[in-house]
Amino acid sequence: MPHIAVIIGLVASGIALLFQIIAVAAVGWLKAKNYDVSYGLWRYCSSDTCVDYPSTIVTDWLDATRAFALLGLFFIAGALAAGILIMFLDKKFLGLIAGAVALVAALFVLISFAVFADNRKASFSEQTFELSYCFALSVVAFVLCIASGVCFILSNFLSGASIRNKNLTRALACYSTRDREKALHPL
């Protein structure tokens, strides 16, 4: 039976993965306040028409946002896979690996939305444009990655403590059995 911290870590990683997939794929990082225009990482939409960004207007900061958002997505998937392995393999180190991968994913996601938020001020007017739902989903994915990383790491230590307690209980049971046999058969 997996520890409750593993289950919480798996749920948090699964939701973070879903949110980051939506954030990377959808057009909703930035939207116009007064008219129907939305900008994503790969394209922008006006009314019902969506167009990929021409390579001439893709800036370095947008490429950096894309790269770190994708790295975060892949690392979240890796943390989820390592968390699933914890359920089937009784290896002590898997909790640490899953936790570390989830925390690295959180770092990549943080860098992606921080770069986007910082550079959108230079490219878009704050009076005309506001951050939108994909940006918010990425922030929530960041928080969930931290939560899952902490849960996976805690599960490693908590499951180790429960294994040590079981071994101690077995040792005490064997000790008391030997004492009984000595009392019954002194020689």
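Buried, as used here, means under 20% relative accessible area, exposed means over 50%, and partly exposed lies in between (1.4 Å probe, protein chains only). The structure is a predicted model, in which local features need pLDDT of at least 70 and side-chain atom pairs count only at pLDDT 80 or more, while totals for chains, interfaces and linings use all residues. Residues are numbered from 1 along each chain as its sequence is written, and side-chain values use heavy atoms, with hydrogens and water left out.

The protein chain has 4 helices and 5 strands; helices (H or I, at least four residues) and strands (E, at least two) are DSSP runs, numbered from the N terminus. Along the sequence these elements follow the pattern α-β-β-β-β-α-α-β-α. Of the 187 residues, 37% count as buried. Contact means heavy atoms within 4.5 Å. Among contacts between residues at least 6 apart in sequence, 72% join residues at least 24 apart. The chain exposes about 10700 Å², with carbon and sulfur atoms supplying 68% of that area, as computed by the Shrake-Rupley method with a 1.4 Å probe.

Helix H1 covers residues 4–25, which makes 22 residues. From its first C-alpha to its last H1 reaches 32 Å, close to the 32 Å expected at 1.5 Å a residue; the expected span is 1.5 Å times one less than the number of residues. The buried residues of H1 include Ala5, Gly9, Ala12, Ala16, Gln20 and Ala23. An α-helix has 3.6 residues a turn, so residues three or four places apart point the same way.

Two residues of helix H4 can be followed back to H1. Serine 138 is found in H4, which spans residues 133–184, and is buried, with a relative accessible area of 0%. Leaving aside residues up to four places away in sequence, serine 138 touches Gln20, Ala23, Trp29, Val109, Ser112 and Phe113. Leucine 137, also found in H4, counts as buried at 17% relative accessibility. With the same sequence exclusion, leucine 137 touches Phe19, Ile22 and Ala23. The C-alpha atoms of leucine 137 and isoleucine 22 are separated by 7.7 Å, although the two residues are 115 apart along the chain.

The strands form an open sheet of 5 in the order S4-S3-S2-S1-S5, with antiparallel pairing; two strands pair if DSSP finds at least two bridges between them. Strand S4 (49–52) and strand S5 (129–131) stand at the edges with a single partner strand each, so one side of each is left without a neighbour in the sheet. On average, neighbouring strands are turned by 20 degrees against each other, direction ignored.

At the S5 edge, 3 bridges join S5 to strand S1 (residues 30–32), and lysine 31 has glutamate 130 in S5 as its bridge partner. At the S4 edge, 4 bridges join S4 to strand S3 (residues 43–46), and tyrosine 44 is partnered by valine 51 in S4. The hairpin of S3 and S4 has 2 residues between the strands, and serine 47 there takes a positive phi near 60 degrees.

An unreviewed UniProt entry places the feature "transmembrane region" at residues 7–30, 67–89, 96–115 and 135–158; such annotations may be inferred rather than shown by experiment. In the model, residues 7–30 are 79% helix and 4% strand, with end C-alpha atoms 34 Å apart. Residues 96–115 are 100% helix and 0% strand, and their end C-alpha atoms lie 29 Å apart.

Notes. Axes are lines fitted to C-alpha atoms, for helices over the stretch in contact, and angles run from 0 to 180 degrees between N-to-C directions.
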